Amino acid sequence: MLDEIKSVLKEHPGLTGRDIGRKIDKKKSEVNSFLSKSSDGLYQEDWKWYIKPSDEIVFHIRCASWLTCEEFENNYSLIGDLVNAKESKVIVVFPKGFRVLIIAGARIIALINQLEYKGKHVVLNFENCKKSMGYLNRLGFFDHIHERVEIIPSRPKISRAKQYKGNSKNIVEIGNIDLNDFNEELPEELTAAFTHHAGEEYYMAAFTVFSELIGNVEDHSETPIHGFAALQFYHGRKKHIQTVISDHGLGLSNTLKSNLKQHYPELAASLNMKSIDSDMELIEKALTEGKLSRFGHNPEKIARGLGLKRSQDYALKYNAEITIRQDSFLIKLIFQKGKLVDSIKRKNLELLAGTHVCFDFILD
């Protein structure tokens, strides 16, 4: 409840317990009782509550079991935009028994590195879940967190991801996408793990998806912060393979918009180029229709477009979900039995620069 209260007071300082209760749909007595025991970072004056001035902000990650994409976004929305926050120090506190799906883990890595790039002192506190650090280390999480980020209790001295790289068919350790030293083996590593579970008949489909999406980072990212990719196989009621490809660059829609008037004048004229809706429409068109590129659609030139349409075509062979998160919005397309059955769009998310793509392939 404390994060909810702080989020409200950040927008509306000087509220009474009754006023806070109305904002978060709680009874006055419940709010006052909670604040009498847990008011860290707050102070009261004339029965009104305020946030204490501070040069640091504490971001508590909370989740029921595994941290999902949705729970990450809900956590981030409660704390507010950290990238542009006035505080110079950001402390991220992970909960007891912390477990994370790689789609959410990728967003944490991206956010932390962007905060560091902005010059903030970032601290990751794992005191509540020291055992969780073992899995994260095996995945390569700490290898891709900037060296200046402080890790509590301490950063692992040995990278288990590097030590045991390639030993498991259930994961592909987080792989670096460095625009100055491109890892040509990464698409093959992802494909090998994928086909181990899905079957060799899907080799070409998987390799095409991974090559195209990683190639997009190489072609369109234009950022000093490295991108990355990873894969995890999950057991459970629905066995599925989750693959993420993240970069910190311009964003897919922004690369398209840069030359849209030149190459697609009719489409550009039909859009409000300053609206988030136009960003989402462009990405959805690239996913479902293809024939969109910042370089124009000319097969004789080296530009291959965004590659998303080919990736989407292959997704039709599966029960699959494709999620693209950019800046302050996301688009999620759900495929079942070869058909697009749902399209989910979310706006007004907190800032996360770049483009973060996740493919979930459901294995029946």
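**Exercise 1. In this predicted model, find which residues of α2 meet which residues of α3, and sort them by character.**

Solution. Start on the α2 side, where G17, R18, I20, G21 and I24 take part. Their counterparts in α3 are K28, V31, N32 and L35. Now sort them: the residues of this contact divide into four nonpolar, three polar and two charged. If your polar tally comes up short, remember that Gly counts as polar here.

**Exercise 2. Work out how α2 and α3 are oriented: roughly parallel or roughly perpendicular?**

Solution. First, locate the helices: α2 covers residues 17–24 and α3 covers residues 28–37. Next, take the geometry: they pack at an angle of about 110°, with their axes 8 Å apart. Angles of 65 to 115 degrees count as roughly perpendicular, so α2 is roughly perpendicular to α3. Finally, add the handedness: α2 passes α3 in a right-handed crossing.

**Exercise 3. Trace the open sheet and say which strands lie at its edges.**

Solution. Follow the four strands in the order β3-β5-β7-β8, with parallel pairing. Then look for strands that pair on one side only: these are β3 (56–60) and β8 (150–152). From one strand to the next, the twist averages 20°.

**Exercise 4. Zoom in on β7 and identify its links to β8 and to helix α5.**

Solution. Begin with the strand pair: β7 (residues 121–125) and β8 are joined in the parallel sense over three bridges. For L124, the bridge partner in β8 is I151. Then turn to α5 (residues 102–117), which packs on the sheet and touches β3, β5 (89–93) and β7. The direction of α5 makes about 150° with that of β7.

Notes: Residues are numbered from 1 along each chain as its sequence is written. This is a predicted model: local features need pLDDT of at least 70, side-chain atom pairs count only at pLDDT 80 or more; totals for chains, interfaces and linings use all residues. Side-chain values use heavy atoms; hydrogens and water are left out. Two strands pair if DSSP finds at least two bridges between them. Helices (H or I, at least four residues) and strands (E, at least two) are DSSP runs, numbered from the N terminus. Axes are lines fitted to C-alpha atoms, for helices over the stretch in contact, and angles run from 0 to 180 degrees between N-to-C directions. Contact means heavy atoms within 4.5 Å. Angles under 35 degrees count as roughly parallel, over 145 as roughly antiparallel, 65 to 115 as roughly perpendicular and the rest as oblique. A crossing is left-handed if the near helix is turned anticlockwise from the far one by less than a right angle, and right-handed if clockwise.
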